[in-house]
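Good morning, and thank you for making time for this item. I should like to take you through one chain, beginning with a single strand and working outwards. Please have the structure open in front of you.

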Amino acid sequence: MSAQPGSGDPWPLGWLEGLAARSAECLGYPSHHGFTNRELADLLALPLNNLGDPFSPSRSATHAHDLEREVVRAVARVAGADPEKCRGYVTSGSTESVMHALAAGRDTLRSVTGVRPFVVASDQAHGCVSKAAKILDLKLIPVPSGPSGALDIPALASILSAWPDHPCLAVATSGTTFLGAVDPVGPMARALEASHPGRHRLHIDAALAGFLLPHTGASDWNLASGGHSFSVSGHKMLGVPVPCGISVWLDGAFSWDRSTPGYLGGPDITLAGSRAGLAAGALWLALCRWPRERLSREAGQCLENARWLAASLREEGWTALRHPHSATVVFPKPADHLCQRWQLHVEGEAAHVVAVPRVSRRLLEQFMESLGPAPEFSCDFLPERTDLR
Ligand SMILES: Cc1ncc(COP(=O)(O)O)c(C=O)c1O
């Protein structure tokens, strides 16, 4: 199909219908398309540019900084912090959020100690951590994960003791990308405080599970247990139609370069220049539509659907793993055409489904009906993770 601008229709023939059909069957990549978001059309008529710090006065008046501040405060609550003692902004996604935390942490720790920090994160951390470390020219030391897929604390302590003279930037993942494991934030914060008192920053990357974990009974996953900054994606569990993320940090955790462009009202605390006010508006709408009780109900349904899928796979002879507080179900990779049809996230010989709110029981039943017999092989890492069965 080739695009033909000027043919009268806004989109190439069949393009929209094809996209809608493919989106409906996507099981491996978390997104939610439940809302029509017609109200966002109101914002498209306005030149909304959320340039700069939403908490500083702005020289321009065509922005949605007011909505953005409310979104940051709402996420501070989700993160277990006092919204009045937090700052933050809406990013382009969790990759930018992690990059921002490492960049701000690097500059802050270097200005205090005169030494370039190193980065630690579990070997299950999202690739954006190594990407950010590379771009920021920081050494990344991966910390082995334990059998459940969460960061191993003795392994972290031993790395920290081997690097006593360098400040440390740590990333905890609350809901790892592939297994859905939750790194123990409290023990990580205590290990860092013991070895690098006052010379570390701990960021919590809750890209996928940040809007799910508050409703699962999980503990030790957010700023209530320690750490300095937190981020979550808007387009995953919450299903905002524009890819975006929210970064939140404790006020005073970072210091900022004051020599910033004159057209900003205050110090440039963001990584981007111009930023879409549309994303802040979409997040605001989603948070209005998903008050705590509704999110809690949806989260319960997601966990229930994930439990059902894991049990159904096992009944059919498949190995299936699910972390207790996760909507992610991991199992041996099925045939390639099924991985493609259902857009499964595949890593080596394993695949996963994430039961976000869009993924109904009916869709999961259709997925199960399409699966052939269980494969003879078992994924390398699956047998070790007995605690997840
Ligand atoms: C734990 C984690 N961190 C970061 C990211 C990157 O998020 P984004 O695509 O919003 O940049 C992901 C994406 O899956 C993730 O699972």
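Which residues of β4 lie on one side and which on the other, and are they buried or exposed? Before I answer, please note that this is a predicted model. On one side of β4 we find C168, A170 and A172, and on the other L169, V171 and T173; all of these are buried, and both faces are thus covered. In a regular strand, side chains point alternately to the two faces of the sheet. With six of its six residues buried, β4, which spans residues 168–173, is largely enclosed by the rest of the structure.

Let us turn to the partners of this strand. Strand β2, residues 118–122, pairs with β4 in the parallel sense through four bridges, and here V120 stands opposite A170. Strand β5, residues 200–205, also runs parallel to β4, and six bridges join the two. In that pairing, A172 of β4 stands opposite I204.

Next, the ligand. T173, one of the buried residues of β4, is also among the residues around the ligand. The others in that shell are G93, S94, T95, H126, C128, T177, D205, A207, L208, S233 and G245. By character, the shell comprises eight polar residues, three nonpolar and one charged.

I now move to a second region. Here three strands form an open antiparallel sheet, in the order β8-β10-β9. Its edge strands are β8, at 328–332, and β9, at 345–347, each of which pairs on one side only. From one strand to the next, the twist averages 25°. Helix α9, residues 292–315, packs on this sheet and touches β8 and β10; its direction makes about 15° with that of β8. Between β8 and β10, the latter covering residues 350–354, there are five bridges in the antiparallel sense. One of the pairs to inspect is V330 with its bridge partner H352 in β10.

Finally, the chain as a whole. It contains eleven helices and ten strands. Its radius of gyration is 22 Å, close to the 21 Å that the globule rule gives for 389 residues, so the chain is as compact as a globular protein of that length. The C-alpha trace spans about 60 × 60 × 40 Å along its principal axes. Buried residues account for 45% of the 389 residues. Of the contacts between residues at least 6 apart in sequence, 71% join residues at least 24 apart.

Methods: Residues are numbered from 1 along each chain as its sequence is written. This is a predicted model: local features need pLDDT of at least 70, side-chain atom pairs count only at pLDDT 80 or more; totals for chains, interfaces and linings use all residues. A residue is near a molecule or strand if its C-beta atom, placed from the backbone, lies within 6 Å of it. Ala, Val, Leu, Ile, Met, Phe, Trp, Tyr, Cys and Pro count as nonpolar, Asp, Glu, Lys and Arg as charged, and the others, Gly among them, as polar. Two strands pair if DSSP finds at least two bridges between them. Axes are lines fitted to C-alpha atoms, for helices over the stretch in contact, and angles run from 0 to 180 degrees between N-to-C directions. Two residues are in contact if their C-beta atoms, placed from the backbone, lie within 7 Å. The radius of gyration is taken over C-alpha atoms; the globule rule is 2.2 Å times the number of residues to the power 0.38. A residue is buried if 20 or more other C-beta atoms lie within 10 Å of its own, exposed if 12 or fewer, and partly exposed in between; C-beta atoms are placed from the backbone.
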